[in-house]
Amino acid sequence: MLWVKAFHIVFVTSWFAGLFYLPRIFVNLAMVPPGSVAERERLIGMSQRLLRFTTLLAVPAVGLGLWLLFGYGFWQSGGWVHAKLVLVALVLAYHYSCGRLLRQLMAETCPRSHRWFRWYNELPVFLLMGIVVLAVVKPF
């Protein structure tokens, strides 16, 4: 199980690296001046590739997490596991929302400003902090 845990940590870390960077690209996309087609296309391409790669990293992260969850018997754990699962569900929703926002940015129908994306970019930091504290400290 230690190997499963080690690889789970590696994939989660890699997944979050993508979730930290993707909205940063959205900030830059929201700031592209009208008529800068080459810059916009470059940023869209970067976003598409990063979202695809980040999604590929999320699959083993979640799969290994489920392996740990059932392998250790989450029903024997405290309430921290349930709280962590809620935060993981929020991370998955955040990941999905990144894809949705990218589609809007590609269609040029996204109403969000670069300032909004700067705040949006901070959400996964707080989710990761909560998940790590719950997993390590197990406060309840």
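**Surface patch and aromatic contacts in a helical chain**

Met-1, Leu-2, Trp-67 and Tyr-72 together form a nonpolar patch on the surface, which contributes about 460 Å² of accessible area, in what is a predicted model. Within this patch, Tyr-72 belongs to helix H2, which spans residues 37-72, and the residue is classed as partly exposed because its relative accessible area, 42%, lies between the limits of 20% and 50%.

The patch is part of a chain that contains 5 helices and 0 strands, so that the pattern read along the sequence is α-α-α-α-α. The C-alpha atoms fill a box of roughly 60 × 25 × 20 Å along the principal axes, and buried residues make up 35% of the 140 residues. The accessible surface of the chain comes to about 8,500 Å², of which 70% belongs to carbon and sulfur atoms. Among the contacts with a separation of 6 or more, 79% are accounted for by residues 24 or more positions apart.

Aromatic side chains provide a more detailed view of the packing, with a count of 8 aromatic pairs in the chain. One of these pairs joins Phe-26 and Phe-117 in an edge-to-face arrangement, with 5.6 Å centre to centre and 65° between the planes. This pair links distant parts of the chain, since Phe-26 lies in helix H1 (residues 2-30) and Phe-117 in helix H4 (residues 114-120), 91 residues apart. Phe-26 is buried, with a relative accessible area of 0%, and Phe-117 is likewise buried, with a relative accessible area of 0%.

A pair with another geometry is formed by Trp-116 and Tyr-120, which are stacked at 4.9 Å centre to centre with 15° between the planes. Because these two residues are 4 residues apart in helix H4, Trp-116 and Tyr-120 are separated by about one helical turn. Tyr-120 is buried at a relative accessible area of 7%, whereas Trp-116, at 30% relative accessibility, counts as partly exposed. Phe-26, Tyr-94, Trp-116, Phe-117 and Tyr-120 form one aromatic cluster, in which both of the pairs described above are therefore contained.

Charged side chains are also placed over aromatic rings. The charged end of Arg-112 sits over the ring of Trp-116, 4.3 Å from its centre, and Trp-116 thus takes part both in this arrangement and in the stacked pair with Tyr-120. In a further arrangement of this kind, the charged end of Lys-138 sits over the ring of Trp-80, at 4.7 Å from the centre of that ring.

Note on methods: Residues are numbered from 1 along each chain as its sequence is written. This is a predicted model: local features need pLDDT of at least 70, side-chain atom pairs count only at pLDDT 80 or more; totals for chains, interfaces and linings use all residues. Side-chain values use heavy atoms; hydrogens and water are left out. Rings of Phe, Tyr and Trp (its six-membered ring) pair if their centres lie within 6.5 Å; planes under 30 degrees apart count as stacked, over 60 as edge-to-face and the rest as tilted. Buried means under 20% relative accessible area, exposed over 50%, partly exposed in between (1.4 Å probe, protein chains only). A charge sits over a ring if NZ of Lys or CZ of Arg is within 6 Å of the ring centre and within 35 degrees of the ring normal. Patches are made of residues with over 30% relative accessible area and no salt bridge: like charges are joined within 9 Å, nonpolar side chains (Val, Leu, Ile, Met, Phe, Trp, Tyr) within 5 Å. Accessible areas come from the Shrake-Rupley method with a 1.4 Å probe; for residues, only the protein chains shown count as cover. A salt bridge is a side-chain nitrogen of Lys or Arg within 4 Å of a carboxyl oxygen of Asp or Glu. Contact means heavy atoms within 4.5 Å.
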